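Student: Got a minute to go through this model with me? I'd like to start with how the strands pair.

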Amino acid sequence: MKDLKFNRHRRLRGSANIRAMVRETTLQKEDFIYPIFVVEGENVKEEISSMPGVFHFSMDRLGEELDEVVSLGIPSVILFGVPNDKDAVGSEAYHDHAITQEAIRFTKERHPELVVIADTCLCQYTDHGHCGVIENGVVLNDESLDLLARTAVSQAKAGADIIAPSNMMDGFVAAIRYGLDEAGFQHIPIMSYAVKYASAYYGPFREAAHSTPQFGDRKTYQMDPANRLEALREAASDVEEGADYLMVKPALSYLDVVREVRDNFDLPIVAYNVSGEYAMVKAAALNGWVDEEKIVLETLLSMKRAGADIILTYHAKDAVRWLEGK
């Protein structure tokens, strides 16, 4: 055996401190965006059944959630408004005093330093649950762009720091960038849901946002899960149109796509750790089948390792507590 030659990789794993010294990927609280669902009504703090630990908040209860987020040092939130009134063209999405706009104002007044991201879509505002204008059962692309731009401008007026369009209409970044610039919001960045697949992992979110399509599905505008190269075409279009961030959604089953986007573009990359991914871990943890802390941190670390700079996750509050021993 004395002449046997091999590499001794274990030398760099011999103690916790040595492992920490050579660790290639790390997680920190600044990596996270925390999603919050805001509903109309009073004194509402209602747990979403398919997402244990995630709640609907009315405006009068929103402050307690924001205070907790800030106390943990999480730097940003994304707000999803869930209106009572819906119509065929999603009027509440671009009404200056609708639920999302009021939530943005409240958040910026209570915690001016918190980065507020506005989800810019129509699905939870339309009575048909689709992300655009419908004609003869078809989602119209170009006719929807004007409404999306109006929504973005209204959200920027309310104080949103970042606009995050999630609708997947062709040209949505260009339309929103033009609308923001024309309204004097040249300084507001766009966090584009650039690569968004038609995924089964969105089920719990549709309960949370009351946004399930009333007919058909979203496969004519969201991407086919089988396609990888198409993701690069989608991202390239959004870069050309003026996106400031590129998001891949979902994250966990699309880590190869996160890496492809990271390797091909130099903008900040966001991974959306979506509701179905969250719900599966929660269900297994509640049954005692997995160690929730270890599973969650390993999963989030995989997203960073794949190339994400930022992770949008419902686990954010727990992850910070675990990382910092709180």
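Tutor: Sure. Two strands pair if DSSP finds at least two bridges between them. Keep in mind that this is a predicted model.

Student: OK. Which residue in β8 is the bridge partner of Asp 119?

Tutor: Ala 164 is the partner of Asp 119.

Student: And in what sense do β5 and β8 pair?

Tutor: Parallel, over four bridges. Strand β5 covers residues 115–120, and β8 covers residues 162–165.

Student: Which way do the β8 side chains point?

Tutor: Ile 162 and Ala 164 point one way. Ile 163 and Pro 165 point the other way. In a regular strand, side chains alternate between the two faces of the sheet.

Student: Are those four buried or exposed?

Tutor: All are buried.

Student: Switching to the surface. What makes up the nonpolar patch?

Tutor: Leu 12, Ile 18, Met 21 and Val 22 make a patch of about 390 Å². Ile 18 is found in helix α1, residues 16–21.

Student: Why does Ile 18 count as partly exposed?

Tutor: Because its relative accessible area is 31%, and partly exposed runs between the 20% and 50% cut-offs.

Student: Now the inside. How many cavities of 30 Å³ or more are there?

Tutor: The count is two. The second largest holds about 30 Å³ of space.

Student: What lines that second largest one?

Tutor: Its lining residues include Leu 252, Asn 273 and His 315. Helices α9 (275–286) and α10 (292–306) each supply at least two lining residues.

Student: Which helix gives the most?

Tutor: α10, with three residues.

How values were computed: Residues numbered from 1 in each chain as written. Predicted model: local features only at pLDDT ≥ 70, side-chain atom pairs only at ≥ 80, totals over all residues. Heavy atoms only, no water. Patch = residues over 30% accessible without salt bridge, like charges linked within 9 Å, V, L, I, M, F, W, Y side chains within 5 Å. Areas by Shrake-Rupley, 256 points an atom, 1.4 Å probe, with all protein chains shown as cover. Salt bridge = Lys/Arg side-chain N within 4 Å of Asp/Glu carboxyl O. Buried < 20%, exposed > 50% of the residue type's maximum accessible area, 1.4 Å probe, protein only. 1 Å grid on protein atoms, 1.4 Å probe; cavity = no way out; pocket = protein on both sides within 12 Å on 5 of 7 lines; lining within 4 Å. Points joined across faces, edges and corners; volume = space filled by probe spheres on them.
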